[in-house]
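You asked for a colleague's reading of this model before it goes further. My comments are set out as numbered points, to be read beside the coordinates.

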Amino acid sequence: MAVYSNGGRHCFTPGCDYHVNGETGEEFQVTTPSNLQLGGVVASIHDRKLSLNTVKKYQVSVDYAPDGKIAKHFYPYHDVNTGEIIATKCRIVNTKDFLCTGNMTNVGLFGQRQCRGRGKYITITEGEVDAMSVYEMFGQKWDVVSLRAGASSAAKEIKAQLEWLEGYENVVICFDQDKAGELATDQIKDLFSPNKLKICKLPLKDASEMLIANRVQEFTQAWWDSKVYRPDGIVAGSDTWDALVNKRQIQSVPYPWEGLNDVTRGHRPYELVTITSGSGMGKSQFIRELEYDLLQRTDANIGVLALEEDVATTALGIMSVAASRRLHLEEDTPVVELRPHWEATMGSGRYYLFDHWGSTSADELLSRVRHMAKACDCRYIVLDHLSIVVSSQENGDERKAIDEIMTKLRTLVAETGITLFLVSHLRRGTGTAHEDGGRISLQDLRGSQSIAQLSDMVIGMERNQQAEDPAERNTTAVRVLKNRYAGETGPACWLRYDRFTGRIQECGNPNPREAEF
């Protein structure tokens, strides 16, 4: 027994004529003949605005009720091998029920027999009336077929006739604009040869509604505007204008130091910026200056994952930049005096910190970065540092671990549009130690070349911590090792640390008699 959404029922068991009208609930007998039922006469279907020529084309017939209105449609189905009509589908107009006679085992799509099997275009709809409506609106020009059992059978029916459909240069899917139609489209979209399938989007539910509403011109425009289906990630060059315009609207944000800006042109959304140096070279202070500058220069929220310190230490470090004082050394300073500096930074509500409590698994960190970006609206996020994340992995393969983490970070940056500042350590060099002022190159990045490959910008910091001259000892050379945006690399600027204020300021070369860098 078939049970329909409107409450109607019909029993298809041989010898049983039980039927329930879905509108009235009335039970009665419907005689389903064992032989093929083709209906009464071929006539135009006025309520659907289908002309006689269209109805004739599809060999559809109708039966009339005593009041002169059409009571039933009969849609013929042909044997795919012989072309003989071996089944019909009867649509009862009042109840919208469907009854089948004959044998549907070896039939093709509705209207398939009337089509050439080759040509420029063929359109596939969900139902018979939609197929005739498309044919009507196109002035009976292009071939149109429909599924025989609706959206739920789309994949099965199209697979069965795929070779025949491939005979056309273009296959246009014009399914109903509802969830069932979307699901059916999703199930069949990868069946066809590349660039063959087009998907038509309509302003109304289906083609029949477009014809009844006299929106023929809108339908034909939507049909011609059908987009060629391409697998996810494939974009036609002709569809890139909006992306280009949006990209042009993205503005670069300067760094706090002009020399670095001259080389990098600042930083931008969707960039992964890696900052690297030897141990104790001032990376953390560089990052704090950057974090505070972003607070002053932008109105965006800032996320900080400082894995080598607790949140109180992170907060005090940023407050020290704002105060131009080394607050962490002022142990006797009353707590009340710290309040204004806290309000100017942490209390602004624009910083979000990660209280890791010693847990630094890669998946957890990635989850926190995503949460900061999407839930906390952080447009700038700092992860300090990569090496501690890698050291917590269980597989023991540092290179593989870095590759996996960098790939996930790169994907996350593309997904969220953030600017991610990543701190990374260096491997031990064979020449002058980095802590003694040895020059940094991309190959010195620790563990894997994926850091260099997947970063948009790599900034290296060099300083001779043991230099006799205090000015040289407290001055860091900043070198751009990779610059995907502008292409320029090499020396950028010098930053001198003021041991009284705890700030770093741009300065000149501390060894002017030597060649720069």
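The points below go from the sheet and its strands to the cysteines, the aromatic residues and two individual side chains.

1. This is a predicted model, and the points that follow should be read with that in mind. The element to begin with is an open sheet of nine strands with mixed pairing, whose order is β16-β15-β17-β18-β14-β19-β20-β21-β22. Strands β16 (351-353) and β22 (504-507) form the edges, and because each has a single partner strand, one side of each is left without a neighbour in the sheet. On average, and with direction ignored, neighbouring strands of this sheet are turned by 25° against each other.

2. Helix α10 (residues 283-297) lies across β14 (272-277), β15 (301-306), β16, β17 (378-384), β18 (419-425), β19 (457-462), β21 and β22. Relative to β18, the helix runs at about 170°.

3. Strand β20 deserves a separate look, as nine of its nine residues are buried, so that the strand is largely enclosed by the rest of the structure. Its pairing with β19 is antiparallel and extends over six bridges, and here glutamate 462 has alanine 477 of β20 as its bridge partner. Strand β20 (residues 475-483) is also joined by six bridges to β21 (residues 490-497), again in the antiparallel sense. Within that second pairing, threonine 476 stands opposite leucine 495, and valine 478 stands opposite cysteine 493. The hairpin of β20 and β21 has six residues between the strands, and glycine 487 takes a positive phi near 85° there.

4. Another hairpin is made by β5 and β6, with five residues between them and, in the turn, glycine 68 at a positive phi of about 90°. Four bridges connect β5 (residues 61-64) with β6 (residues 70-78), and the two strands run antiparallel; in this pairing, valine 62 has histidine 73 of β6 as its bridge partner.

5. How many disulfides does a search of the whole structure find? The search finds zero. Cysteine 90 is in no disulfide, and the nearest cysteine sulfur to its own, that of cysteine 100, is 9.0 Å away; for a disulfide the two sulfur atoms would have to lie within 2.5 Å. Cysteine 100 is likewise in no disulfide, with the sulfur of cysteine 90 as its nearest. As to their surroundings, cysteine 90 is buried, with a relative accessible area of 6%, whereas cysteine 100 counts as partly exposed at 37% relative accessibility.

6. The structure holds 15 aromatic pairs. In one of them, the rings of tyrosine 121 and tryptophan 223 have their centres 5.0 Å apart and their planes at 65°, so this pair is edge-to-face. Since tyrosine 121 belongs to strand β9 (residues 119-125) and tryptophan 223 to helix α7 (residues 216-224), the pair ties together parts that are 102 residues apart in sequence. Tyrosine 121 is buried at a relative accessible area of 10%, and tryptophan 223 is buried at 2%. Ring pairs link these two residues with Phe138, Trp142, Phe219 and Trp224 into a cluster.

7. Tryptophan 164 and tyrosine 168 form an aromatic pair that is edge-to-face, at 5.6 Å centre to centre and with 70° between the planes. Tyrosine 168 is buried, with a relative accessible area of 1%. Arginines also meet aromatic rings: arginine 268 lies over the face of tyrosine 485, at 3.6 Å from the ring centre, and the charged end of arginine 499 sits over the ring of phenylalanine 500, 5.1 Å from its centre.

8. Isoleucine 124, in strand β9, is buried with a relative accessible area of 0%. If residues up to four places away in sequence are not counted, isoleucine 124 touches Val145, Leu147, Ile158, Leu165, Val171, Val172, Ile173, Cys174 and Phe175. Of these contacts, cysteine 174 is 50 residues from isoleucine 124 in sequence and 5.9 Å away in space, C-alpha to C-alpha.

9. Threonine 314 is found in helix α11 (residues 311-323) and, at 5% relative accessibility, counts as buried. With residues up to four places away in sequence not counted, threonine 314 touches Val304, Ala306, Glu309 and Leu353.

Definitions and conventions:
Residues are numbered from 1 along each chain as its sequence is written. This is a predicted model: local features need pLDDT of at least 70, side-chain atom pairs count only at pLDDT 80 or more; totals for chains, interfaces and linings use all residues. Side-chain values use heavy atoms; hydrogens and water are left out. Two strands pair if DSSP finds at least two bridges between them. Axes are lines fitted to C-alpha atoms, for helices over the stretch in contact, and angles run from 0 to 180 degrees between N-to-C directions. Contact means heavy atoms within 4.5 Å. Buried means under 20% relative accessible area, exposed over 50%, partly exposed in between (1.4 Å probe, protein chains only). Rings of Phe, Tyr and Trp (its six-membered ring) pair if their centres lie within 6.5 Å; planes under 30 degrees apart count as stacked, over 60 as edge-to-face and the rest as tilted. A charge sits over a ring if NZ of Lys or CZ of Arg is within 6 Å of the ring centre and within 35 degrees of the ring normal.
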